[in-house]
Amino acid sequence: MSVGQRRERKKRRILVHTVAAAVAVAATAGTVAAAPPGLVGTARAQAAAPAAELQRDFAEAAREFDVPQSVLMAVSYRQTRWESHDGLPSTTGAYNVMGLTQVDPEDLEDGHDDHDGHGHEGEDGDHRLAHMNRSGDPAVEKHFDAREALRSVREKPVDTSDPRLHTLDEAARLIGASPDAVREDPAQSVRAGAALLAAYQRRATGKLPDDPGAWFPAVARYSQAPDRKGARLFADRVFESIRSGEQRVTSDGQRLVLPADPSVQPARSAKAPLAAAATGTAATSAATPAPECPTGLNCDFRPAAYKQNSGPDDWGNYNVASRPSGGHDIRYIAIHDTEGSYDGSLAVFQNSSTYASAHYMVRASDGLVTQMVENKNEAWHAGNKTLNMHSIGIEHEGYAIKEGSWYTEPQYESSAALVKYLAGRYGIPLDREHIIGHDEIPGVLDSKVRAQHWDPGPFWDWNHYMSLLGAPTGAGGAGGPVKAGQLVRFVPPFTSANQPKLTNNGAPVPAQPANFGYLYTSPSTTSATIGDPYLGTQTWSEGWNWGNKLVAGGTFVVAEAREDWTAIWYGGQKAWFHNPGGQYTVPASAGTALRAKPGVSVKVYGRSYPADAAYAGTGVPVQDQNSASLTKYTLPAGQLYTLAGDAVPGTYYYGGLIDGSGAGSRTLVQGGTLFYPIRYNHRFAWVSADEVEQVPGTAPDPATDRHNTLARDGSGVLWQYQGTGDAASPYLTRYRIGSGWDAYDAITSMTALRADGTGDAVARDASGGLWYYQGSGIPSAPFKARLYVGRGWQIYDAITGAGDLTGDGRADLVARDTAGYLWLYEGTGNPAAPFAARTSVGRGWQIYDSLTAPGDVTGDGRADLVARDTSGGLWLYQGTGGAAAPYSARSSIGTSWQIYDALIGPGDLNRDGRPDLVARDAHGQMWLYQGRGSATAPFATRAAAGTGWQGYDLFV
């Protein structure tokens with residue numbers, strides 16, 4: 001089955017689910033008028049739980065193959081985080097939720113032909129050349145001979161006969177299924193993974209024990225690591241998940257839970273079985289340095305070439321230095337991918353004709369970290385001299401598999417552990433201005449910009465990676481309005497919600513989660529995407545066309561905002577991206593913007609070299625085009641760009657001669673001119689500190705004076721609609737709070753639910769149990785864990801949070817019983833026991849079908865109540881501030897309110913200090929009634945507040 005066929009099958013599954021969901025919503029929506037959602041929901045059939053098919057698959061496979069379910073789930077989690085990736089391969093040929101491998105020659109990009117048979121290098125030669133000659137220094141680049149480099153590196157990039165690349169085939173045979181089925185069907189992938197684990201366990205111990213801890217040998221073998229330290233590292237990670245537990249919702253909506261079991265003790269074996277080592281994999285020699293790695297990480301040292309080529313001024317593949325001393329500091333960590341195998345890439349770095357190296361490389365199968373260049377030395381990895389001088393480069397194994405789109409979890413985890421260690425050692429901030437992709441590194445000169453790399457590419461999950469570093473980007477947040485001049489970080493979700501169109505040389509790339517968003521010339525996807533002057537006219541959707549792609553984690557300055565669109569200053573342009581509800585951005589916690597000084601034409605640089613005069617007396621020749629800028633880039637007056645680090649002096653490190661002899665050899669030239677690094681476009685750049693001025697960013701919206709409305713859909717998912725503070729468009733795009741809220745037949749807020757995540761609520765379950773949800777202060781998770789209040793609340797047919805009725809500063813609750821009596825529960829201020837004993841308010845309240853407490857409607861400082869009778873009349877009960885008689889006599893607001901099936905009092909939606917009322921009609925149209933602060937005419941004429949609200953059965 002082709003990828004296209006697989007995707008069509010998935011679309012049909014989604015369509016069926018969508019139609020079923022629509023029918024369920026329609027069925028429940030029809031009962032709304034009989035029991036208004038703002039009051040109490042009717043008893044409903046239990047809605048379908050979130051997708052749990054994969055959880056069931058794990059349970060069934062565990063039983064079928066006698067593998068502890070915790071072991072099976074933890075292995076999968078540490079391989080793929082339970083992601084199926086829609087049956088597409090990883091960059092190293094791993095498939096589906098169990099990460100089983102299948103790599104054949106035809107799976108490899110370009111066929112990996114070394115030569116076209118006519119004396120010329122083929123396409124693969126061009127591809128491999130792109131990963132050589134990475135010094136970024138014209139003094140070195142002049143020696144590079146492309147033909148010689150390709151001739152001298154003849155190893156096949158990938159040995160597809162390696163059994164470690166065919167675990168999927170072996171596992172498929174064990175379950176009697178086709179390899180296609182194991183690749184494409186998550187259930188078959190789980191079965192195959194379980195069968196393979198069982199086979200490994202039998203070979204190691206001769207039995208299949210019930211104790212999860214006894215499965216250490218099978219788990220270690222599953223890693224495919226050829227060395228014991230790597231196998232043990234993977235197994236330790238798996239058992240860490242078993243002991244601590246894991247839970248998440250996958251990108252395709254599968255909800256999985258691995259309960260914590262701290263009692264499990266892994267039976268670590270010194271003789272755990274290993275995968276056979278691939279030919280050509282050399283062991284670390286005692287003569288090589290010890291790897292610079294954190295304790296516990298599987299590391300070795302396999303030195304890159306340091307060898308003379310044509311003469312003493314010509315060598316590969318790095319500069320000997322003494323970083324970080326003497327101004328030769330380490331500021332960045334650059335993330336790369338190899339687009340070749342581990343062994344093939346190592347061969348490139350160990351061949352001095354390639355003029356390329358990296359400090360580290362991370363193997364895909366088991367997360368082995370290999371160091372090749374000591375950190376004190378300058379590796380040639382970035383194609384940019386300034387970055388090479390001041391960074392550490394980390395390569396990640398990837399074969400350039402056709403349709404390969406994701407990286408293995410062992411790679412992510414080992415890489416993150418390494419980066420966290422290096423950042424602490426060298427004082428590198430753990431943010432996306434210092435932990436960067438190769439695609440964010442600029443070309444040094446006009447002639448170099450177009451050819452600069454774009455790895456690790458659109459499928460590197462920056463959100464997940466930064467979370468592993470303990471520095472989450474903020475992705476998945478509830479959003480909020482943004483303002484011109486504000487610094488925001490771009491954090492698109494790495495889920496099915498963000499699958500932008502991509503092509504590769506015109507061929508469509510299968511839709512999948514990506515780490516970027518497109519930038520447009522105006523706030524519409526029908527407008528053209530922006531371009532880059534160095535790329536010229538290009539197909540907008542090509543993956544390598546970085547000119548119109550905004551990558552996750554970058555911080556930029558807002559130029560303008562319009563509803564679900566945000567514009568930033570980007571490469572001298574105002575560039576727009578889709579930002580629904582502000583959920584694809586988070587405010588930068590701190591930051592400074594730069595702009596051109598008045599009357600100054602600012603030069604933009606691709607490197608930060610010292611001025612010519614700084615070379616005097618050093619023995620180092622002034623470099624060719626030493627002061628050249630990127631002439632097609634500008635910093636137009638009035639535009640603001642993010643300061644991406646401290647001001648730094650211009651520097652140039654001169655290698656001189658291979659042995660360090662000769663004038664100027666191994667000398668760092670440091671100038672007096674200071675440069676600021678900035679987020680310019682997709683890539684960084686530098687500007688002279690003398691030509692720009694610092695500007696404080698606009699303060700983000702505090703969210704303390706905006707109020708939210710919550711809405712529950714027919715499947716029990718609770719959605720948050722943040723208030724904007726603007727009556728013309730009162731709500732932002734909805735945000736998913738969570739599922740399972742259909743367990744309650746009544747939910748009411750105790751206080752206004754603010755956009756900063758404060759505000760409490762109570763909910764009643766079907767058995768009459770009442771639960772208290774205290775506000776968390778976290779907009780994306782606005783409630784803390786629920787607290788049990790008590791039972792017996794089923795006697796009420798209306799429960800409403802009434803605000804502070806007694807003037808003691810605590811929120812109170814009113815409840816109506818079926819006889820029409822209204823009862824007051826005074827708040828205590830203690831969430832564990834939130835209410836005092838009830839007192840009677842009065843009888844006769846059965847004439848109302850809706851009770852809503854918007855707040856202080858009249859402006860007298862007391863909480864009021866709005867009630868609608870069965871004929872559609874709306875009445876105001878002004879608060880008195882006294883517990884004995886909390887409401888004064890009613891007064892009429894108006895008639896004909898029966899046209900609404902929900903009345904909600906969300907608080908102040910337009911920021912005028914007066915509470916408002918919203919109402920939904922039978923067509924799903926929402927209407928806003930702005931508060932006027934008057935007892936005689938409490939609300940202004942209604943204004944439309946949006947359509948499409950008919951899908952909800954309860955509002956809070």
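These exercises work through a predicted model, each with its solution.

**Exercise 1. Place the second largest cavity relative to the domains.**

Step 1. Start with the count: the structure holds seven cavities of 30 Å³ or more. The second largest has about 80 Å³ of space.

Step 2. List its lining. The residues are Asp-439, Trp-454, Gly-457, Pro-458, Asn-515, Phe-516, Gly-543, Trp-546, Lys-549, Val-551 and His-682. By class, five are nonpolar, four polar and two charged.

Step 3. Recall the domain bounds: domain 2 spans 299-458, and domain 3 spans 486-589.

Step 4. Conclude. Both domain 2 and domain 3 give residues to the lining, so the cavity lies between them.

**Exercise 2. Describe the largest nonpolar core and find which helix gives the largest share.**

Step 1. Size the core. It has 46 residues. Phe-58, Val-67, Leu-72, Val-75 and Leu-100 have the most contacts inside it.

Step 2. Find its sources. Elements supplying at least two residues each include helix 2 (53-65), helix 7 (167-175), helix 9 (186-205) and strand 4 (255-258). Helix 9 gives the largest share of this core, eight residues.

Step 3. Zoom in on Leu-72. Beyond its neighbours within four places in sequence, Leu-72 contacts residues including Phe-58, Val-67, Val-190, Ala-194 and Leu-197.

Step 4. Look for another core. A second, separate one has 37 residues, among them Val-449, Trp-576, Ala-596 and Tyr-676.

**Exercise 3. Decide whether Gln-79 is buried or exposed, and list its contacts.**

Step 1. Locate it. Gln-79 sits in helix 3 (residues 69-80).

Step 2. Apply the cut-off. Buried means under 20% relative accessible area. Gln-79 has 9%, so it is buried.

Step 3. Read the contacts. Setting aside residues up to four places away in sequence, Gln-79 touches Met-98, Gly-99, Tyr-222, Phe-234, Trp-406, Thr-408, Glu-409 and Pro-410.

**Exercise 4. Find backbone exceptions in the loops.**

Step 1. Set the expectation. Most residues other than glycine have a negative phi, and most peptide bonds are trans.

Step 2. Check omega. A cis bond joins Gly-316 and Asn-317, with omega about 10°. The Arg-323 to Pro-324 bond is also cis, with omega near 0°. Asn-317 lies in the loop between strand 7 (314-316) and strand 8 (318-319). Pro-324 lies in the loop between strand 8 and strand 9 (332-335).

Step 3. Check phi. Gln-224 has a positive phi near 65°, and Tyr-355 has one of about 55°. Gln-224 lies in the loop between helix 10 and helix 11. Tyr-355 is in the loop between helix 12 (342-349) and strand 10 (360-362).

Step 4. Check burial. Gln-224 is buried at 7% relative accessible area, and Tyr-355 is buried at 3%.

Terms used
Residues numbered from 1 in each chain as written. Predicted model: local features only at pLDDT ≥ 70, side-chain atom pairs only at ≥ 80, totals over all residues. Heavy atoms only, no water. 1 Å grid on protein atoms, 1.4 Å probe; cavity = no way out; pocket = protein on both sides within 12 Å on 5 of 7 lines; lining within 4 Å. Points joined across faces, edges and corners; volume = space filled by probe spheres on them. Nonpolar A, V, L, I, M, F, W, Y, C, P; charged D, E, K, R; others polar. Domains from an automatic or database assignment. Helix = DSSP H or I, 4+ residues; strand = E, 2+ residues; numbered from the N terminus. Buried < 20%, exposed > 50% of the residue type's maximum accessible area, 1.4 Å probe, protein only. Contact = heavy atoms within 4.5 Å. Core = buried A, V, L, I, M, F, W, Y, C linked by side-chain atoms within 4.5 Å.
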